[in-house]
Amino acid sequence: MEATERYEIRDQLRRILESKHFAKTRKRNRFLEFVCEQALLGNADKLNEYLLGVEVYGRGADFNPQEDAIVRVQASDIRKSLREYYADEGKADPWRIDLPPGHYIPLFARGPGSPAVAVPEAPQDAKPVAPAGSFVRRNALVLGLSLACTVLS
C-alpha cells in the first residue's frame with residue numbers, strides 16, 4: 001500500500017470519527033482508530049480481543065475476554081455505526097472502512113462497491129503505536145512481585 005493510500009485512509013477515518021454516528025462515542029472511536037492504525041502500520045496480525053481489552057478499554061493484565069465481553073459488544077456497535085454512516089453521510093466517500101464480523105482487523109476499500117484492500121504491509125519507517133503507560137499496565141503483576149521479593153529479601 002502506498003503512502004498516499006495510507007494518508008487517504010487516515011483522512012477517511014477522521015471523517016468517520018467526526019460524523020454524527022461516532023462523535024460522542026469516545027471509547028468506540030479509540031477502538032476504531034486503534035485497529036485502523038495498527039493495520040496501517042502492519043501490525044494487524046497482533047490485533048486480538050485481549051489486546052483491545054487491555055489497550056483500548058484499560059482492562060488489567062488479568063483481563064479475560066471469556067468473562068468480559070466489552071470488546072465483542074463494542075465491535076458489534078462499531079459495525080452497526082459504520083453501516084449507518086455509509087448509508088447516510090458516507091455514501092459518496094472515496095474509501096470504505098469495514099470491520100468484518102468475528103474479526104478485529106479492518107478492511108479498506110476504495111469507493112462504493114469496490115473490493116476490500118488486503119491488510120497493508122508495514123512501511124519501512126513504521127513504529128507500533130502504544131498508549132502511554134501500556135508497558136506498566138501489562139507488566140504490573142511482574143513489577144509488583146519483583147518489588148515484593150526485593151522488600152522481603
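**Figure 1. Where helix H2 meets helix H4 in this predicted model.** From H2, the residues Arg-28, Phe-31 and Leu-32 take part in the meeting. Their partners in H4 are Val-71, Gln-74, Ala-75, Asp-77, Ile-78, Ser-81 and Leu-82. The two axes come within 10 Å, and they cross at roughly 85°. An angle from 65 to 115 degrees counts as roughly perpendicular, and H2 and H4 are therefore described as roughly perpendicular to each other.

**Figure 2. A look at Ser-81 in helix H4.** Helix H4 covers residues 70-87, and Ser-81 is found in it. Is Ser-81 buried or exposed? Its relative accessible area is 5%, and because the cut-off for buried is under 20%, Ser-81 counts as buried. Leaving out residues up to four places away in sequence, Ser-81 touches His-21, Phe-22 and Arg-28. You have already met Arg-28 in the first view, as one of the H2 residues that meet H4.

**Figure 3. Helix H2 and its surroundings.** H2 runs over residues 26-40, which gives it 15 residues. From first C-alpha to last it reaches 21 Å, close to the 21 Å expected at 1.5 Å a residue. Eleven of its 15 residues are buried, so the rest of the structure largely encloses this helix. Among those buried are Arg-28, Asn-29, Phe-31, Leu-32, Phe-34 and Val-35; the buried residues also include Cys-36, Glu-37, Gln-38, Ala-39 and Leu-40. What do the buried residues of H2 pack against? Helix H1 (3-18), helix H3 (49-55), H4, E1 and strand E2 (107-110) are their packing partners. Follow the chain to just after H2 and you come to Gly-42, which takes a positive phi of about 90°.

**Figure 4. Asn-29, a buried residue of H2.** Asn-29 has its place in helix H2. With a relative accessible area of 13%, Asn-29 is buried. Setting aside neighbours within four places in sequence, Asn-29 is in contact with Leu-17, Phe-22 and Ala-23. Phe-22 may look familiar, since Ser-81 touches it too.

**Figure 5. Helices H1 and H2 side by side.** The axes of this pair come within 11 Å and cross at roughly 175°. That makes H1 roughly antiparallel to H2. On the H1 side, the residues involved are Arg-6, Ile-9, Arg-10, Leu-13, Ile-16 and Leu-17. They meet Asn-29, Leu-32, Glu-33, Cys-36, Glu-37 and Leu-40 in H2. Leu-32 also belongs to the H2 residues that meet H4. One helpful reminder for reading this view: an α-helix has 3.6 residues a turn, so residues three or four places apart point the same way.

**Figure 6. Helix H1 against helix H4.** Here the helices pack at an angle of about 95°, and their axes are 11 Å apart. H1 and H4 are therefore roughly perpendicular to each other. The contact is made by Gln-12, Arg-15 and Ile-16 of H1, together with Leu-82, Tyr-85 and Tyr-86 of H4. Ile-16 is also one of the H1 residues that meet H2, and Leu-82 is among the H4 residues that do so.

**Figure 7. Arg-59 in the loop between H3 and H4.** With a relative accessible area of 28%, Arg-59 is partly exposed. Which residues does Arg-59 touch, not counting those up to four places away in sequence? They are Gly-53, Val-54, Asp-68 and Ile-70. Ile-70 lies eleven residues from Arg-59 along the chain, and their C-alpha atoms are separated by 9.8 Å.

**Figure 8. The whole chain, with its confidence values.** Step back and you will find six helices and three strands, in the order α-α-α-α-β-β-β-α-α along the sequence. Of the 153 residues, 37% are buried. The chain exposes about 8,900 Å², and carbon and sulfur atoms supply 57% of that area. The average pLDDT is 81, and 72% of the residues score at least 70. Where is confidence highest and where is it lowest? Strand E1 (residues 95-98) has the highest mean, at 95, while helix H5 (residues 134-138) has the lowest, at 46. Over residues 120-138 pLDDT stays under 50, and for this stretch the model has 34 contacts beyond four places in sequence.

Note on methods: Residues numbered from 1 in each chain as written. Predicted model: local features only at pLDDT ≥ 70, side-chain atom pairs only at ≥ 80, totals over all residues. Heavy atoms only, no water. pLDDT = per-residue confidence, 0-100. Helix = DSSP H or I, 4+ residues; strand = E, 2+ residues; numbered from the N terminus. Contact = heavy atoms within 4.5 Å. Buried < 20%, exposed > 50% of the residue type's maximum accessible area, 1.4 Å probe, protein only. Areas by Shrake-Rupley, 256 points an atom, 1.4 Å probe, with all protein chains shown as cover. Expected span 1.5 Å × (residues − 1). Axes fitted to C-alpha atoms, helices over the stretch in contact; angles between N-to-C directions. Parallel < 35°, antiparallel > 145°, perpendicular 65-115°, else oblique.
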